[in-house]
Amino acid sequence: MASAIGRRQAFKLATQARLFSSSAARNAAQVKSLGVIGAGQMGLGIALVAAQKAGIPVTLIDQSQAALDKGLGFAEKLLAKDVSKSRLTQDQADKARSLLSPSTAIEDLSGVDFVIEAVPEISSLKFDIFAKLAKVCPKHTILATNTSSISITKIAASTTKDPTDLSASSRVVSTHFMNPVPVQKGVEIISGLQTSKETVDTAVEFCKAMGKIPSVSADSPGFIANRILMPYINEAIICLETGVGTRDDIDAMMKNGTNVPMGPLQLADFIGLDTCLAIMKVLYQETGDSKYRPSILLGKMVDAGWFGKKSGKGFYDY
Ligand code: NAD
């Protein structure tokens, strides 16, 4: 009986979300400004691609001024490389750079049409940010997350204390970009139970305007990409810890045997071992299925602070 009531309530909320229109979503052509929260490897890539491909101003927020300086320095290097390889003219590179404005204050997103959050994969951190965004942003702003694994329904619920009030939660969606953002074409669009159809449509169109190819996924642990990718990486780490193969043999076998640009251990270093562990934990906790148990070696490496490329040490040294 309880689950029947739960299903009816879920159906009611989903129907409300679909019908909800108010001043909510705008189409991609009306997205004239973007806010990105988190100037790490993903946020920086998203900001840069939006400036280059969609040609709109981007406010890049990070809690750390050092992260903003490092991120913008990296963006300048990427743009200079594109100019040197004749992929961009100097004018185009200058224009893209001029569209990026750094800030440490989330309140600076009070005028943007679309926000993409890309802070670390920690639920409580994301919930706090979405509660703030619901207050700071205009009532039409799409509130997107780049989470790799956290439920969009839970993130949407964090925008309000009243679950029947869909005014902010219907504008929450996931735009899950792939790493490195300037290179990878795929992006996953995931809606929560509360997300309106206009929000999903706007997110799909905006990602296309950024030159990406969207795939729509259900709000299920790991979505499509990480449901498939992370157990593959985790299994490679288990192969290493149980002596099935050396680091180099595991990576060489998968690289040369499946025609991918890098092996799973190197890929884990590029993604970030902290991020891989966080995703495996979500898959394991949400499904209760032992096939998603994170490798013990992965946990130990994160305990040691060996996060991969971003910290200078992982399965490889950088
Ligand atoms: P990262 O560690 O490189 O960057 C995170 C940034 O967020 C840092 O610059 C940090 O200073 C900043 N930050 C932390 N707390 C903040 C706060 N309260 N307000 C503002 N900024 C804050 O992480 P990343 O690899 O860019 O991952 C970001 C998100 O993207 C995560 O949810 C991750 O799961 C997801 N993701 C990562 C990958 C990947 O390959 N790394 C791929 C797809 C999605």
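**Close-up views of a predicted model**

**View 1. E121 reaches the ligand with its side chain.** A polar atom in the side chain of E121 sits 2.6 Å from an oxygen atom of the ligand. Keep in mind, here and in every other view, that this is a predicted model. K126 joins in too: one of its polar side-chain atoms is 2.7 Å from a ligand oxygen. Then there is S148, whose side chain has an N or O atom 2.6 Å from an oxygen atom of the ligand. So how much of the ligand's 840 Å² does the protein bury? On its own the ligand would expose that whole 840 Å², and the protein covers 87% of it.

**View 2. Here is the whole shell around the ligand.** Step back a little and you can pick out 25 residues surrounding the ligand. D62, E121, K126, S148 and I271 are the closest of them. Sorted by class, the shell holds 11 nonpolar residues, 10 polar ones and 4 charged ones. Which helix or strand gives the largest share of the shell? That is α5, with 3 residues. At least two shell residues apiece come from α2 (41-54), α5 (123-136) and β6 (172-177).

**View 3. The ligand lies between two domains.** Why does the ligand lie between domain 1 and domain 2? Because domain 1, residues 34-218, and domain 2, residues 226-311, both give residues to the shell around it.

**View 4. Eight strands line up in an open sheet.** Follow the 8 strands across and the order reads β3-β2-β1-β4-β5-β6-β7-β8, with mixed pairing. The edges are β3 (100-103) and β8 (213-217), each of which pairs on one side only. On average, neighbouring strands of this sheet are turned by 25° against each other, direction ignored.

**View 5. Now for β3 and its partner β2.** Strand β2, which covers residues 58-61, pairs with β3 in the parallel sense, over 4 bridges. Which residue of β3 is the bridge partner of V58? Look for L100.

**View 6. Two loops hold some unusual backbone geometry.** As a rule, most residues other than glycine have a negative phi, and most peptide bonds are trans. Between N179 and P180, though, the peptide bond is cis, with omega at about -5°. You will find P180 in the loop that runs between β6 and β7 (186-191). F223 is the other spot to check: its phi is positive, about 55°, although F223 is not a glycine. Where is F223? It lies in the loop between β8 and α8 (225-241).

Note on methods. Residues are numbered from 1 along each chain as its sequence is written. This is a predicted model: local features need pLDDT of at least 70, side-chain atom pairs count only at pLDDT 80 or more; totals for chains, interfaces and linings use all residues. Side-chain values use heavy atoms; hydrogens and water are left out. A residue is near a molecule or strand if one of its heavy atoms lies within 4 Å of it. A polar contact is a pair of N or O atoms within 3.5 Å; within protein, one must be able to donate a hydrogen and the other to accept it, and residues adjacent in sequence count only if both atoms are side-chain atoms. Accessible areas come from the Shrake-Rupley method with a 1.4 Å probe; for residues, only the protein chains shown count as cover. Ala, Val, Leu, Ile, Met, Phe, Trp, Tyr, Cys and Pro count as nonpolar, Asp, Glu, Lys and Arg as charged, and the others, Gly among them, as polar. Domain bounds come from an automatic or database domain assignment. Two strands pair if DSSP finds at least two bridges between them. Axes are lines fitted to C-alpha atoms, for helices over the stretch in contact, and angles run from 0 to 180 degrees between N-to-C directions.
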